[in-house]
Amino acid sequence: MSNREKTALPEDILLKIEKPERYLGNELNTVRKDKSKVDIRFAMAFPDVYEIGMSHLGIQILYSMFNRRGDTWCERVYSPWADLDRIMREKHIPLFALESQDPVREFDFLGITLQYELCYTNVLQLLDLSGLPLHAADRLKKNAERVPGTGMTADAEQASGEDALLGELPIVIGGGPCAYNPEPIADFFDMFYIGEGETVYDQLLDLYIECKKAGTTRKEFLLKAAGIEGIYVPMFYSPAYQKDGTLRSFGPDPQYPELPKRIRKQAVKDFSTAPYIDRPLVPYMRVTQDRVVLEIMRGCIRGCRFCQAGMIYRPNRVKNVEVLKKQAEHLLKVSGQDEITLSSLSSSDYPCLQELVTYLIDEFGKKQVNIALPSLRIDAFSLDVMSKVQDVNKSSLTFAPEAGSQRLRDVINKGLTEEDILHGAGEAFRGGWNKVKLYFMLGQPTENEEDRKDIAHLAQKIADEYYEIPKEKRNGKCMITISTSFFVPKPFTPFQWAVMYDPEDYLDFAATVSREVREMKNSRSIRYNWHEAYVTVLEGLFARGDRRVAKTIESAYRHGAIFDAWTEYWDWNKWLSAMSETGLDLAFYTKRQRAEDELLPWDFIDCGVTKKFLLDEWHRATIDGTVTPNCKENCNACGAMKYGCGICYDLVDGEKVPRKNHYREWAEKQAVVNAEKKAKFEAEKAARIAAQEAAREAARAAAEAAKAAEGEEGLS
Ligand code: SF4
Ligand code: SF4
């Protein structure tokens with residue numbers, strides 16, 4: 001099965017489990033090193049199944065970056081799927097890294113990327129199966145190692161009173177978007193890396209080597225690491241709470257006055273020269289995203305008020321198009337892949353998109369390389385490009401209006417008018433598409449019954465655009481699929497103060513949409529589906545939770561909660577038991593609108609965007625309902641300019657000049673632009689209808705004339 005000398009799992013187990021390839025680690029471009037010749041062994045983990053983790057870009061970037069260091073060997077770890085999890089617990093098989101198949105507990109670091117909150121019980125699974133104590137504090141003592149897989153049932157106390165030396169057990173470090181509120185899982189991690197991995201990791205690894213050589217204790221190393229910008233070591237920081245349960249204070253413990261009060265996010269300044277993937281790992285089995293990924297841009301110029309990525313990855317930075325062309329060529333060559341995808345939060349905003357896509361089509365299209373273009377706004381250019389790279393008959397177009405009414409789209413700052421949507425859909429239908437997917441969120445701030453019904457109305461208007469096309473020119477039946485998720489307020493967004501609802505309320509909201517869809521005249525062309533409401537509430541608890549939530553996560557894990565993002569394993573009852581056992585008041589975290597002066601559990605992180613900016617945006621949404629321009633149109637002084645890079649600066653005569661705030665002029669201009677857009681859309685539509693009517697009239701007249709002529713012939 002494998003050409004390596006050893007596999008961590010014996011053959012009888014490999015033959016018994018589903019998809020054994022998940023655990024063999026022999027993929028193309030896997031990095032192997034002599035472990036006796038490196039100073040650091042880094043296990044990079046994704047707390048979900050292999051197919052999901054292998055598709056994650058960030059891990060591949062860090063994997064290349066770490067392995068470029070001669071003194072470091074980075075390997076990968078994914079969550080064992082439930083079948084293997086069971087066997088590993090029964091037989092106490094320790095969790096292992098794919099490349100060497102060595103136990104994770106022998107490594108220097110266990111890095112866990114935190115992409116979504118629902119992976120938190122899987123984080124505990126990784127620690128537990130590795131034989132590591134779940135709590136960082138318990139890892140400070142000598143002999144803290146435990147029997148792998150016993151964490152769900154026992155909490156063996158075997159550590160000695162002596163301080164552990166650095167290197168006895170791996171340092172557990174977390175990163176990724178969920179690290180922007182690390183508090184609900186703070187107890188389980190030795191440290192968090194706040195920001196983009198390409199920045200201070202080298203400094204951290206150098207420090208580790210220096211400390212290990214000097215024979216320092218684990219705690220001494222953690223204290224030194226806490227002095228590196230962007231590194232947060234939770235065990236040296238403590239929260240204090242008020243009687244009503246809200247935070248009174250948060251900061252470094254009095255014995256560590258030298259530690260920073262705020263942890264500053266790290267961001268890559270020059271995105272064109274930032275480290276990227278050297279040789280992409282190519283799996284032997286089907287994974288969620290199995291293609292070359294070209295990251296064209298980081299951060300988003302838009303400021304949708306619910307969107308955490310749009311805020312925490314500011315400022316928007318683009319990669320030079322020539323660099324991208326070279327990377328595309330190299331990555332396709334060394335991977336042998338036949339598909340390439342552009343990755344960013346909003347690809348249409350990449351300034352050289354046309355040049356890049358034309359290059360990719362010209363250069364690789366003829367070599368049968370597919371080009372995938374997600375995250376596009378539907379405009380004339382995007383449709384043109386998509387028609388060149390997609391099979392129009394098979395593919396469906398995706399719009400994410402997020403709200404059904406214009407009022408609510410303005411509240412969430414979607415920057416999308418109804419005319420934009422209908423015009424885009426109309427153009428797409430005239431270009432041959434007949435399938436459209438629409439994404440919305442329910443339960444957003446200020447949302448009312450009418451906004452919900454407007455989701456169905458918008459779908460109907462889109463269907464009208466289709467049926468306006470003469471029958472003979474249509475591409476079969478039109479199919480519009482509406483998907484609604486439920487809104488989860490996230491830290492570092494203008495909606496971080498917002499209230500959530502009970503699962504039953506969310507289901508009521510979905511029922512309103514469903515009923516309204518059935519009322520629509522084209523209801524047979526509209527499909528509607530909605531997400532799990534109970535999962536949403538749990539996500540909401542984790543997203544804005546504080547340190548007290550950790551014990552509920554641990555209790556749910558001990559009740560057997562794992563793979564919570566997977567419908568087949570999701571079990572709300574386990575969470576209810578955990579909440580009642582730990583006395584957690586769910587409503588305190590989810591159904592409470594935060595006071596504007598409340599100290600929030602994540603306020604100690606400086607992500608660039610200021611709390612004042614977020615609060616102004618919250619007011620604009622909930623009081624004024626006004627739109628804020630995107631970073632290209634105007635600098636709204638969000639705070640991210642202090643990173644000294646990206647969209648925040650213009651090049652004027654070769655000099656970097658900070659962008660200016662022209663809000664008043666922009667707002668005046670925008671009102672005119674929107675009015676013109678609306679008038680143009682309506683005039684074009686009226687002209688199209690008139691032309692179709694005239695054509696129909698002419699056809700009718702011609703038919704009548706022909707009939708009359710036939711009649712005359714008959715008479716004569
Ligand atoms: S366009 Fe809006 S939703 Fe999309 S990434 Fe940007 S800010 Fe987020
Ligand atoms: S400082 Fe201005 S240009 Fe820079 S990210 Fe913030 S709003 Fe955008």
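This text walks through a predicted model, from its sheets to its helix pairs and its two ligands.

Start with the smaller elements of the chain's early part. Asn-29 sits in the loop that runs between α1 (11-16) and β1 (40-46). Its backbone has a feature to look for. Asn-29 is not a glycine, yet its phi is positive, near 75°.

Now move to a sheet of 3 strands. The sheet is open, its order is β10-β13-β14, and the pairing is parallel. Which strands stand at the edges? They are β10 (292-295) and β14 (370-372). Each has a single partner strand, so one side of each is left without a neighbour in the sheet. From one strand to the next, the twist averages 20°. Look closer at one pair. Strand β13 (residues 339-343) runs parallel to β14, and 3 bridges link the two. To find one of these places, go to Thr-341. Its bridge partner in β14 is Ala-372.

A second sheet has 4 strands. This one is also open and has parallel pairing, in the order β15-β16-β17-β18. Its edges are β15 (397-402) and β18 (526-530). Each of these edge strands has a single partner, so one side of each lacks a neighbour in the sheet. Neighbouring strands here are turned by 20° against each other on average, with direction ignored. Inside the sheet, strand β16 (residues 435-442) and strand β17 (residues 479-486) run parallel and are joined by 8 bridges. Lys-437 is a good place to look, as it stands opposite Thr-481 in β17.

A helix rests on this sheet. It is α14, and it touches β15, β16, β17 and β18. The direction of α14 makes about 160° with that of β17.

Next come the helix pairs. Two packed helices are described by the angle between their axes and the distance between the axes. Take helix α13 (residues 418-430) with α14. They pack at an angle of about 35°, and their axes are 9 Å apart. The crossing of α13 past α14 is right-handed. Which residues meet? From α13 come Ile-421, Leu-422, Ala-425, Gly-426 and Phe-429. From α14 come Leu-458, Lys-461, Ile-462, Glu-465 and Tyr-466. By class, this contact of α13 with α14 holds 7 nonpolar, 1 polar and 2 charged residues.

Helix α14 (residues 449-467) has another helix partner, α15 (residues 503-519). Their axes come within 8 Å and cross at roughly 40°. That angle makes α14 oblique to α15. Here too the crossing is right-handed. On the α14 side, the contact uses Glu-449, Arg-452, Lys-453, Ile-455, Ala-456 and Ala-459. On the α15 side, it uses Phe-509, Thr-512, Val-513, Glu-516 and Val-517. The contact of α14 with α15 has 6 nonpolar, 1 polar and 4 charged residues.

Follow α15 to helix α16 (residues 533-543). These two pack at an angle of about 130°, with their axes 8 Å apart. They are therefore oblique to each other. Their crossing is right-handed. Pro-503, Tyr-506 and Leu-507 of α15 make the contact with Ala-533, Tyr-534, Thr-536 and Val-537 of α16. How many charged residues does the contact of α15 with α16 have? It has no charged residues, with 6 nonpolar and 1 polar.

Finish with the ligands. Around ligand 1 stand Cys-300, Arg-302, Gly-303, Cys-304, Cys-307, Ala-309, Gly-310, Leu-345 and Ser-346. This shell divides into 5 nonpolar, 3 polar and 1 charged.

Ligand 2 has its own shell. Its cysteines are Cys-631, Cys-635, Cys-638 and Cys-648. Also around ligand 2 are Arg-314, Pro-315, Asn-636, Ala-637, Ala-640, Met-641, Ile-647 and Arg-659. By class, the shell has 9 nonpolar, 1 polar and 2 charged residues.

Two residues around ligand 2 deserve a second look: Arg-314 and Pro-315. A cis peptide bond joins Arg-314 and Pro-315, with omega about -5°. Where does Pro-315 lie? Pro-315 is in the loop between α8 (308-312) and β12 (317-318).

Methods. Residues are numbered from 1 along each chain as its sequence is written. Chains are lettered from A and ligands numbered from 1 in the order in which they are written. This is a predicted model: local features need pLDDT of at least 70, side-chain atom pairs count only at pLDDT 80 or more; totals for chains, interfaces and linings use all residues. Axes are lines fitted to C-alpha atoms, for helices over the stretch in contact, and angles run from 0 to 180 degrees between N-to-C directions. Angles under 35 degrees count as roughly parallel, over 145 as roughly antiparallel, 65 to 115 as roughly perpendicular and the rest as oblique. A crossing is left-handed if the near helix is turned anticlockwise from the far one by less than a right angle, and right-handed if clockwise. Two residues are in contact if their C-beta atoms, placed from the backbone, lie within 7 Å. Ala, Val, Leu, Ile, Met, Phe, Trp, Tyr, Cys and Pro count as nonpolar, Asp, Glu, Lys and Arg as charged, and the others, Gly among them, as polar. A residue is near a molecule or strand if its C-beta atom, placed from the backbone, lies within 6 Å of it. Two strands pair if DSSP finds at least two bridges between them.
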